Amino acid sequence: MKFFIDTANLAQIQEAHDLGILDGVTTNPSLMAKEGIKGEAAILQHYKDICEIVGEGDVSAEVLSTDFASIIEEGKKLAAIDSNIVVKVPMIKDGVKAIKWFTDNNIRTNCTLVFSAGQAILAAKAGATYVSPFIGRIDDSSWDGVELIAQIAQIYSIQGFKTEILAASIRNALHIVKCAEAGADVCTCPLDSILGLLKHPLTDIGLAKFLEDAKKM
Ligand code: E4P
């Protein structure tokens, strides 16, 4: 399973990259706004900066338009920033149409805001590179987000769809483990959830004892 970090914060992207386990980045308009990125020039430059830190990894950059012609125009501009840019398109009618257009024109896509298996089938039919089910938000609405990942993984495997399942809206380290079990190809996580994987009290207790005993060596 690939690890993406879900942020537009350059320091956090650098920290995850320095860990040596980072395969890419996802952003969205809320995450970009949180970093104070405003205006087209600043947005394009910020994606460029992210691509420089990540190197070979994929960087999802989301379109802000919702009609077909504008999504295409915006997506072409985003894709021109760097060969690692993946154009993130919302799961709406014009979005599906745009994903098919991008697929036919060799521009990679991430279909975002996916909350059902039916939507995941449509994204795959349109040729999306990635499909992003938002598992944390599904949990918030009293459904089981990880169950959706497992259902999509089964459907894609039976049908032979090539679209990669990118588990999004991750809230904790357990989500990451459960998504790996359920067959996600990628998990995009906040830095805290990635670092949460490190934690186990027995590791801390064991290390403290080893360091204490090491003084007697
Ligand atoms: C995915 O690409 C989204 O950016 C993100 O995972 C949404 O997460 P949230 O539900 O924590 O906002």
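In this predicted model, an oxygen atom of the ligand is 2.7 Å from an N or O atom in the side chain of Asn28. Asn28 belongs to the set of residues around the ligand, which also includes Asp6, Thr26 and Lys88. Beyond the ligand, the points below follow three pairs of helices, namely H8 with H9, H6 with H8, and H1 with H3.

**Around the ligand**

- Besides Asn28, the residues around the ligand include Phe134, Arg137, Ala168, Ser169 and Arg171.
- In the side chain of Lys88, an N or O atom is found 2.6 Å from an oxygen atom of the ligand, and for Arg137 a polar side-chain atom lies 2.7 Å from an oxygen atom of the ligand.

**Helices H8 and H9**

- Helix H8, made of residues 145-159, and helix H9, made of residues 173-182, have axes that come within 8 Å and cross at roughly 20 degrees.
- Because angles under 35 degrees count as roughly parallel, this crossing makes H8 roughly parallel to H9, and the crossing of the two helices is right-handed.
- On the H8 side the residues that meet H9 are Val146, Ile149, Ala150 and Ala153, while on the H9 side they are His175, Lys178, Cys179 and Ala182.
- Sorted by class, the residues of this contact between H8 and H9 are six nonpolar, one polar and one charged.

**Helices H6 and H8**

- H8 also takes part in a contact with helix H6, which covers residues 117-125, and here the axes come within 10 Å and cross at roughly 40 degrees.
- That angle makes H6 oblique to H8, and H6 passes H8 in a right-handed crossing.
- From H6, the residues Ala117, Ala120, Ile121 and Ala124 meet Leu148, Gln151, Ile152, Ile155 and Tyr156 from H8.
- The residues of the contact of H6 with H8 divide into eight nonpolar and one polar, with no charged residue among them.

**Helices H1 and H3**

- Helix H1, which runs over residues 10-19, and helix H3, which runs over residues 40-54, have axes that come within 9 Å and cross at roughly 15 degrees.
- This angle makes H1 roughly parallel to H3, and the crossing of H1 and H3 is right-handed.
- H1 brings Leu10, Ile13, Gln14 and His17 to the contact, and H3 brings His46, Asp49, Ile50, Ile53 and Val54.
- When the residues of the contact of H1 with H3 are grouped by class, five are nonpolar, three are polar and one is charged.

Note on methods:
Residues numbered from 1 in each chain as written. Predicted model: local features only at pLDDT ≥ 70, side-chain atom pairs only at ≥ 80, totals over all residues. Heavy atoms only, no water. Axes fitted to C-alpha atoms, helices over the stretch in contact; angles between N-to-C directions. Helix = DSSP H or I, 4+ residues; strand = E, 2+ residues; numbered from the N terminus. Parallel < 35°, antiparallel > 145°, perpendicular 65-115°, else oblique. Left-handed = near helix turned anticlockwise from the far one by under 90°. Contact = heavy atoms within 4.5 Å. Nonpolar A, V, L, I, M, F, W, Y, C, P; charged D, E, K, R; others polar. Near = heavy atom within 4 Å. Polar contact = N/O pair within 3.5 Å; in protein donor to acceptor, adjacent residues only side chain to side chain.
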